[in-house]
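Student: I have a structure in front of me that is new to me, and I would like to learn how to read its features one by one. Could you take me through them, giving the general idea before the case at hand?

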Amino acid sequence: MISDTIIQSFIEICGVENVQNSTAARLAYSYDATANFQALPDVIISPRNSEEVVAVVTICSEYRIPIVPRGSGTNLSAGTTPTSGGVVLLFKHMNQILDLDEENLTITVQPGLITKSLIDYVEARNLFYPPDPSSLKISTIGGNLSENSGGLRGLKYGVTKDYVMGLEAVLPTGEVIRTGGKLAKDVAGYDLTSLLVGSEGTLAIITEATLRLIPKPSYKETILAMFASIEDAAETVSAILAARIIPATLEFMDQGTVQVIEDYKQIGLPIHCEAVLLIEQDGAVEGVRQDMEQIYEICSQHGAIEIRNAETEQEAEALRSARRDALSALAKLRPTTILEDATVPRSMIAPMVREIKRIAMKYDVTIQTFGHAGDGNLHPTCLTDLRDKEEMERVEKAFEEIFHKSIELGGTITGEHGVGEMKSPYLEWKVGEAGMLVMKAIKTAIDPQNIMNPGKVFAKSTKERLVMHHV
């Protein structure tokens, strides 16, 4: 527990209205969007600026108090659960756009800015920020940076790290560093910007980010292609890319997912095919039309039983939102929804989906699959009930086998959700013993007291992960 004297110091720094330690507040920030992980923080603090972050961190460093930086709590790997108690840092006040530099095509923002707010702001000025996680309406830029978030446009445009030019960050000692900047090239020393992006809040607290913008595409087209088999859909994905076409969006949904989304959204999605591809291209008008003609032909050649064109932007947005709302739709079916991500080479999509189905049947659990077909990032999503301990044990075994199969097929345990606490026992499967030693050495060098989001990324055993943190 944090003493009353220290709590009073936090109040003096941030104001009494920005320091909460009531039971209700602590419960509200004891979990994120990950099922079955919960732990009470000691206090929740909402700093108003970087100086206040420094002051809070300095106290935490002195007294070895754990710090958990938190965005909107949409994390799906238990990455923002306060495993060791301590301070949860919120950035609701630090949500401003600080600078738009149209000459250098950069924008500098604070970590609490909502992702969609940034996207809307730059698109209104005919600019483009491509990273678009499904949670963009609620997720924050700081959370995106910490997790190196992807999105539907990742195949063509990349992920969050590809648009980060510079950062301001507070180290666990309270010292401030600035990395990168607006310049297009910078190889002075180690690439600390890339080190911090995707570090899941375990190394430093990002308080400011300078992001790269590109011109907004002038035109886009969207289609929905339906297939009788997953193999046909997977072969279509490979054929599109082999034709040297890189769509802006190339998304996959299996039959069960489409059925649930249609029940939820009622927008006329096909429910009798085994797989659906949502495909979108953007850019100059003639180029887009040429690409989409080829894509249409490739889909037809590889067994598409129906192809629908979105005739209006409203229809296209309905299809995009259907994919983004997959988790919300699936969550209506059972009390607990566990959305995972396992990434494989594109050529392994069909085998991986088949394996997910086999594993679900083996353990008698319900798992639907959707995801980013273009980059092989699949989201097997289990519908269960955490109150059923016997079923939850089967769910854990199923996902453990899914992660193992993903690595066996040349993939990884996570493509965009991060390791957090949930996947920490499996990290060594992917990176090996030597890789773990390097990562732990970096963590120790920057955070020797282990106060930055402790309990994440590194774990001793699967058993350690399966112990729920009771409130």
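Student: Where do the positive and negative charges of the protein lie on average, and how many of each are there?

Tutor: Lys and Arg are counted as positive and Asp and Glu as negative, while His and the chain ends are not counted; each charge is placed at NZ of Lys, CZ of Arg, CG of Asp or CD of Glu. In this protein there are 44 positive and 64 negative charges, and their mean positions are 2 Å apart. Please keep in mind that this is a predicted model, in which local features need pLDDT of at least 70 and side-chain atom pairs count only at pLDDT 80 or more, whereas totals for chains, interfaces and linings use all residues. Residues are numbered from 1 along each chain as its sequence is written, and side-chain values use heavy atoms, with hydrogens and water left out.

Student: How many helices and strands does the protein have?

Tutor: Helices (H or I, at least four residues) and strands (E, at least two) are DSSP runs, numbered from the N terminus. The protein has 16 helices and 19 strands. Its radius of gyration, taken over C-alpha atoms, is 22 Å, close to the 23 Å that the globule rule (2.2 Å times the number of residues to the power 0.38) gives for 471 residues, so the protein is as compact as a globular protein of that length.

Student: What share of the residues is buried?

Tutor: Buried means under 20% relative accessible area, exposed means over 50%, and partly exposed lies in between, with a 1.4 Å probe and protein chains only. Of the 471 residues in the protein, 56% are buried. As for contacts, which means heavy atoms within 4.5 Å, residues 24 or more positions apart account for 74% of those with a separation of 6 or more.

Student: How many disulfides are there?

Tutor: A disulfide is a covalent bond between the sulfur atoms of two cysteines. The rule used here asks for a pair of cysteine sulfur atoms within 2.5 Å, and by this rule the count is zero. For C299, the closest cysteine sulfur is that of C273, and at 12 Å it is too far for a bond. C299 is buried, with a relative accessible area of 0%, and C382 also counts as buried, at 0% relative accessibility.

Student: Which residues does T236 touch?

Tutor: T236 lies in helix α8, residues 230-242, and is buried, with a relative accessible area of 0%. Leaving aside residues up to four places away in sequence, T236 touches F227, L277, I298, C299 and H302, so the buried cysteine C299 appears again here.

Student: Where is I402, and is it buried or exposed?

Tutor: I402 is in helix α14, residues 389-408, and counts as buried at 0% relative accessibility. Beyond residues up to four places away in sequence, I402 touches A342, M352, I356, I359, I367 and P380.

Student: What is the phi of R64 and of N126?

Tutor: Most residues other than glycine have a negative phi. R64 is not a glycine, yet has a positive phi of about 55 degrees; R64 is found in the loop between α3 (50-63) and β3 (67-70) and is exposed, with a relative accessible area of 53%. N126, also not a glycine, has a positive phi of about 65 degrees; N126 sits in the loop between α4 (115-123) and β7 (127-128) and is exposed, with a relative accessible area of 52%.
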